[in-house]
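Here are a few short exercises to work through at your own pace. Have a look at the model first, then try each task before reading its solution.

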Amino acid sequence: MTRLSESLRLQREDGGDNPALLQRGDIVASCNRLAFLAENSTISPPTRSHMPIRTR
């Protein structure tokens, strides 16, 4: 949840303050951010793979 909240704060105009506006695109953006963080060694690939929100 922390990583999702961080992604929403960074990528949404409302900063993720309104959960009723959460859409599929927000989840996709969060997954893309996790991939970016793993590629830049901010988080490890195993940490990314164990995040509860993933796309296939």
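**Exercise 1: a residue in a loop**

Task: decide from its relative accessibility whether serine 41 is buried or exposed in this predicted model.

Solution: The relative accessibility of serine 41 is 65%. Exposed means over 50%, so serine 41 counts as exposed. Next, place the residue: serine 41 sits in the loop between helix 2 and helix 3. Finally, check the backbone. Most residues other than glycine have a negative phi. Serine 41, however, has a positive phi, near 60°.

**Exercise 2: the span of a helix**

Task: work out the span that helix 2 should have at 1.5 Å a residue, and compare it with the distance between its end C-alpha atoms.

Solution: Helix 2 has 16 residues. The rule multiplies 1.5 Å by one less than the number of residues, so the expected span of helix 2 is 22 Å. The end C-alpha atoms of helix 2 are 23 Å apart, which agrees.

**Exercise 3: two helices in contact**

Task: describe how helix 1 and helix 2 are arranged, and which residues make the contact.

Solution: Start with the axes. Those of helix 1 (residues 2-11) and helix 2 (residues 24-39) come within 9 Å and cross at roughly 105°. Angles of 65 to 115 degrees count as roughly perpendicular, and the two helices are therefore roughly perpendicular to each other. Then list the contact: helix 1 contributes residues including Leu4, Leu8 and Gln11, and helix 2 contributes residues including Ile27, Ser30 and Leu34. By type, the contact residues divide into seven nonpolar, three polar and four charged.

Definitions and conventions
Residues are numbered from 1 along each chain as its sequence is written. This is a predicted model: local features need pLDDT of at least 70, side-chain atom pairs count only at pLDDT 80 or more; totals for chains, interfaces and linings use all residues. Side-chain values use heavy atoms; hydrogens and water are left out. Axes are lines fitted to C-alpha atoms, for helices over the stretch in contact, and angles run from 0 to 180 degrees between N-to-C directions. Helices (H or I, at least four residues) and strands (E, at least two) are DSSP runs, numbered from the N terminus. Angles under 35 degrees count as roughly parallel, over 145 as roughly antiparallel, 65 to 115 as roughly perpendicular and the rest as oblique. Contact means heavy atoms within 4.5 Å. Ala, Val, Leu, Ile, Met, Phe, Trp, Tyr, Cys and Pro count as nonpolar, Asp, Glu, Lys and Arg as charged, and the others, Gly among them, as polar. Buried means under 20% relative accessible area, exposed over 50%, partly exposed in between (1.4 Å probe, protein chains only).
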